[in-house]
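Let's take a look inside a protein and see what its interior has to show. Have the sequence and the 3D view ready as you read along.

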Amino acid sequence: MRLTLELETNSITKFPGSTIFLLFFLHFLPVVSLVQMAFFRSVSALSRLRSRVGQQSNIADSVRWLQTPSSSNTDLYSELKELVPENQERVKKLRKEHGNVELGKITVDMVLGGMRGMTALVWLGSAVDPDEGIRFRGMTIPECQKKLPGAFPGGEPLPESILWLLLTGKIPSKEQVDSLAQELRSRATIPDYAYKAIDALPVSAHPMTQFTTGVMALQVQSEFQKAYEGGIAKTRYWEPTYEDTMNLIARLPAIAAYIYRRKYKDGKIIPLDDSLDYGANYAHMLGFDDPEMLEFMRLYVSIHSDHEGGNVSSHTAHLVASPLSDPYLAFAAALNGLAGPLHGLANQEVLRWIRSIVAEFGTPNISTEQLTEYIHKTLNSGQVVPGYGHGVLRKTDPRYTCQREFALKHLPNDPYFQLVSKIKEVVPPILTKLGKVKNPWPNVDAHSGVLLNYYGLTEENYYTVLFGVARSLGVGPQLIWDRALGMPLERPKSVTLEKLEQLCTKSS
């Protein structure tokens, strides 16, 4: 129970003696200790409010991150402002008391194997367990589907709820999610020069090239850059970073949708619908209004949002932001990493491969023997089976599983879905028998393309853009926390090949 004492702002200024009177009254009046504690909290709050009122006239014309935040519990900024000091103290304590604790040993395999498995950075939003898969702030995907607000009871989690969870570590209410959705819509205005920057590229340019260009054009409005040039305390770096991040997340669907409409459709912009949530609005602006497609886009954006900090796109954003590059610059770099065939581009490669199977046999309704033959043909040609394997996981990706459950519910008889199901039965035993793959199970990319194709988004070259929009919801919160926790410039030590050989000789 919390007792809140509310007074008009002008009353605080006009009657400063009222606080002393109330303290005197409380001292001599026998009341329960709970009310006493609540009262002192209220007096403290009034004192802080008086201080803020005195400062208000000096900051009235400044940007939002310099203004007094709303006290409404539906406001994400206010929620975050309460959490930042607590976590800053956690980091200080860890460094002071446990800075010398060893987290593991570095091997030659790690150095030559792409730093695989090295524990090297803090990532608050999520973690990947080899056996159970991704956890968002400690919650599995099924738990998120159960506990996070959806567009309707029993619906898939709204992307706004994932964003709130990743940034605060708390499960939001429907009211909080609705408030955040409205805030994102209010930030979603795209400057004309961003469209012009994209238009300067040939229509034939890959959608990811166009997407990165659009993000870089938005950087012109960076609040962090303005604040840093104007002089701002390090402890407040997170505030303009928050503004940049929220603006970027809000504007990405419109930029991404324009690229799709420009490259594959008539080029006409479909305006944002103020009644729709983040995921549904993205689908709407692309040109899809089937309720099932809107629901799948909510699921797609949510499950692709974050995947701990070591993957290429997430780590790239963290690395580029570490010298205080603003979120636009960091996220543009992340998109360039995501565009690699071994990362985000894999989702388009999966659908292409599945289509090649259909082209080979003239139908998706093929036998297990035919599919086995084609898989061996793929492997013998020096290629990999796209959509299988994972750098961390050693079981089927839960993101694959939840997409499969969605397909079983909405499109169980689709021939391409049935082919994907058959591939899942045939590929793992083959890869296991070869003995060269640590994880022969399907990952998130093995399924998403077939679902998108079913709902009419057939242009697989565009799929990585969808991934990029979603990844902003995971990368963005971490960039804010990097600045809030004072994460330093990232500068690992490298060695020459000769030095590595010398170290190995000494150790042997």
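## Inside the model

Four residues in the lining of the largest cavity come from α13, and that is the largest share. Keep in mind that this is a predicted model.

So what else surrounds that space? Two or more lining residues also come from each of α8 (174-186) and α12 (238-264), while α13 itself spans 278-286. The full lining consists of Glu160, Ala181, Leu184, Arg185, Ala188, Ala250, Pro253, Leu272, Tyr278, Asn281, Tyr282 and Met285. Sort these lining residues by character and you get nine nonpolar, one polar and two charged.

How much space lies in the largest cavity? About 80 Å³. A search of the whole structure turns up five cavities of 30 Å³ or more.

Now let's move on to a single residue, Arg399, which sits in helix α19 (residues 398-410). Is Arg399 buried or exposed? Its relative accessible area is 4%, and since buried means under 20%, Arg399 counts as buried.

The side chain of Arg399 has partners, too. Here are two polar contacts that join it to other side chains:

| Side chain of Arg399 with | Polar contact |
|---|---|
| Asp397 side chain | 2.7 Å |
| His307 side chain | 3.3 Å |

Which residues does Arg399 touch, leaving aside those up to four places away in sequence? They are Ile134, Ile141, Ile303, His307, His390 and Val444. You can spot His307 in that group, and a polar contact of 3.3 Å joins its side chain to that of Arg399.

How values were computed: Residues numbered from 1 in each chain as written. Predicted model: local features only at pLDDT ≥ 70, side-chain atom pairs only at ≥ 80, totals over all residues. Heavy atoms only, no water. 1 Å grid on protein atoms, 1.4 Å probe; cavity = no way out; pocket = protein on both sides within 12 Å on 5 of 7 lines; lining within 4 Å. Points joined across faces, edges and corners; volume = space filled by probe spheres on them. Nonpolar A, V, L, I, M, F, W, Y, C, P; charged D, E, K, R; others polar. Buried < 20%, exposed > 50% of the residue type's maximum accessible area, 1.4 Å probe, protein only. Polar contact = N/O pair within 3.5 Å; in protein donor to acceptor, adjacent residues only side chain to side chain. Contact = heavy atoms within 4.5 Å.
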